[in-house]
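Here's a set of exercises to work through with the model open in your viewer. Try each task before you read its solution.

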Amino acid sequence: MKKFLSLVIGVALAASASAQLSDRLFYQAGGTIGLDFSQLTGKVGHRNTPVVHKQVNYATIGFGARLNVFEFSNTFSMGLAAQPLVSIGRAYNKSTGGGVNFMFRTPFTFDVNIGNAATSKAHSRHGVVLGAGMQWIKYPFFGGDIPIFKSTVSGGQPYFINMNTNWWEPVAHIGIRSNSKHFFSNEVNVRVSYKTRSSLNLNGATNTSDNAYIHDFQRFSIMLSYLQFLNF
């Protein structure tokens with residue numbers, strides 16, 4: 001009898017913990033709406049030639065998840081969030097002309113949620129989210145290297161310095177949330193990132209040792225997206 005009661009109590013506690021966890025999990029899906037731009041600068045080659053390389057993403061799809069770590073009231077919480085993003089766009093630079101490519105980003109942020117969608121019990125029509133953290137970039141996501149610089153050697157033969165690498169960068173975002181009449185809540189979000197470092201390994205397959213790095217690396221990006229909650 002005692003074993004049976006212990007089993008019943010254990011199952012009940014597990015079910016309660018599972019229910020509490022599901023109440024703290026929020027899911028989103030969406031993509032960009034008209035603005036998804038980034039620019040990186042630096043110096044390449046043994047002559048430290050300056051480069052300016054821009055990326056304009058035409059379309060992005062993303063899925064996000066947030067776990068509320070602290071819930072101070074029905075309309076105020078803090079949580080951990082992640083949002084993998086896959087984009088198709090085009091690179092631009094004066095040296096090579098760039099080209100179509102895919103990019104992968106995953107921001108990991110600590111979010112402060114106020115009002116709408118702050119918790120599973122929030123009844124506010126409007127809300128806001130403020131978050132900051134780190135973002136992982138894979139550029140390009142797949143496919144061949146991206147040329148960021150073209151020069152010529154003696155005899156007129158061109159050579160390219162290519163990029164196929166990944167890095168971490170700081171990121172911050174702000175979002176405005178509201179209720180939809182016939183759907184779950186939605187969010188319009190602006191995300192900004194900025195990164196500087198002394199050098200970054202370009203990992204281009206055909207780069208020589210002299211062309212392996214971009215020095216004085218700087219990158220800025222801004223993205224405007226629309227996100228739909230899937231469970232609120």
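## Exercise 1: Aromatic pairs

The structure holds 10 aromatic pairs. Keep in mind that this is a predicted model.

**Task.** Classify the pair formed by Phe102 and Phe142 as stacked or tilted, and work out where its two rings sit in the chain.

**Solution.**
- Step 1: take the geometry. The ring centres of Phe102 and Phe142 are 4.7 Å apart, with 25° between the planes.
- Step 2: apply the cut-offs. Centres have to lie within 6.5 Å, and planes under 30 degrees apart count as stacked, so Phe102 and Phe142 make a stacked pair.
- Step 3: place the residues. Phe102 belongs to strand E5 (residues 99-115), while Phe142 is in the loop between strand E6 (126-139) and strand E7 (146-152). They're 40 residues apart, and the pair links distant parts of the chain.
- Step 4: check the exposure of Phe102. Its relative accessible area is 28%, so Phe102 is partly exposed.
- Step 5: look around the pair. Phe102 and Phe142 form one aromatic cluster with Phe104, Trp136 and Phe141.

**Task.** Now do the same for Phe108 and Trp168: stacked or tilted?

**Solution.**
- Step 1: Phe108 and Trp168 lie 6.0 Å apart, centre to centre, with 35° between the planes. That makes the pair tilted.
- Step 2: Phe108 is in strand E5 and Trp168 in strand E9 (residues 165-178), so this pair ties together parts that are 60 residues apart in sequence.
- Step 3: both rings turn out to be partly exposed, Phe108 at 40% relative accessibility and Trp168 with a relative accessible area of 42%.

## Exercise 2: Charges over rings

**Task.** Which rings have Arg66 and Arg90 over their faces?

**Solution.**
- Step 1: Arg66 lies over the face of Phe26, 4.2 Å from the ring centre.
- Step 2: Arg90 sits over the face of Tyr92, at 5.8 Å from the ring centre. The distance cut-off is within 6 Å, so the Arg90 value passes.

## Exercise 3: Strands and a nonpolar patch

**Task.** Trace how E9, E10 and E11 pair, and find one bridge for each pairing.

**Solution.**
- Step 1: start with E9. It runs antiparallel to strand E10 (residues 186-201), and 8 bridges join the two. Val171 has Ser193 in E10 as its bridge partner.
- Step 2: move on to E10 and strand E11 (residues 213-229). These also pair in the antiparallel sense, over 15 bridges. Here Val192 has Ile222 in E11 as its bridge partner.

**Task.** Which strand gives the most to the nonpolar patch on the surface?

**Solution.**
- Step 1: list the members. They are Leu130, Ile174, Ile176, Val190, Val192, Tyr194 and Phe220, with about 570 Å² of accessible area together.
- Step 2: sort by strand. E9 and E10 each supply at least two residues, and E10 gives the most, with 3 residues.
- Step 3: pick out Leu130, which is found in strand E6. At 42% relative accessibility, Leu130 counts as partly exposed.

## Exercise 4: Salt bridges

Side chains of opposite charge can pair when their charged atoms come close. A search of the whole structure finds 4 salt bridges; let's take some of them.

**Task.** For the pairs Asp36 with Arg105 and Arg219 with Glu169, decide whether the residues are buried or exposed.

**Solution.**
- Step 1: Asp36 and Arg105 form a salt bridge, with their closest N and O atoms 2.8 Å apart. Asp36 lies in strand E1 (residues 25-44) and Arg105 in strand E5, so the pair ties together parts that are 69 residues apart in sequence.
- Step 2: Asp36 is buried, and so is Arg105.
- Step 3: Arg219 and Glu169 meet in a salt bridge at 2.6 Å, N to O. The pair links Arg219 in strand E11 to Glu169 in strand E9, 50 residues apart.
- Step 4: both Arg219 and Glu169 are buried.

**Task.** What is the exposure of Lys43 and Asp216?

**Solution.**
- Step 1: their side chains meet in a salt bridge (3.7 Å, N to O). Lys43 is in strand E1 and Asp216 in strand E11, 173 residues apart.
- Step 2: Lys43 has a relative accessible area of 33% and is partly exposed; Asp216, with 42%, is partly exposed too.

Notes. Residues are numbered from 1 along each chain as its sequence is written. This is a predicted model: local features need pLDDT of at least 70, side-chain atom pairs count only at pLDDT 80 or more; totals for chains, interfaces and linings use all residues. Side-chain values use heavy atoms; hydrogens and water are left out. Rings of Phe, Tyr and Trp (its six-membered ring) pair if their centres lie within 6.5 Å; planes under 30 degrees apart count as stacked, over 60 as edge-to-face and the rest as tilted. Helices (H or I, at least four residues) and strands (E, at least two) are DSSP runs, numbered from the N terminus. Buried means under 20% relative accessible area, exposed over 50%, partly exposed in between (1.4 Å probe, protein chains only). A charge sits over a ring if NZ of Lys or CZ of Arg is within 6 Å of the ring centre and within 35 degrees of the ring normal. Two strands pair if DSSP finds at least two bridges between them. Patches are made of residues with over 30% relative accessible area and no salt bridge: like charges are joined within 9 Å, nonpolar side chains (Val, Leu, Ile, Met, Phe, Trp, Tyr) within 5 Å. Accessible areas come from the Shrake-Rupley method with a 1.4 Å probe; for residues, only the protein chains shown count as cover.
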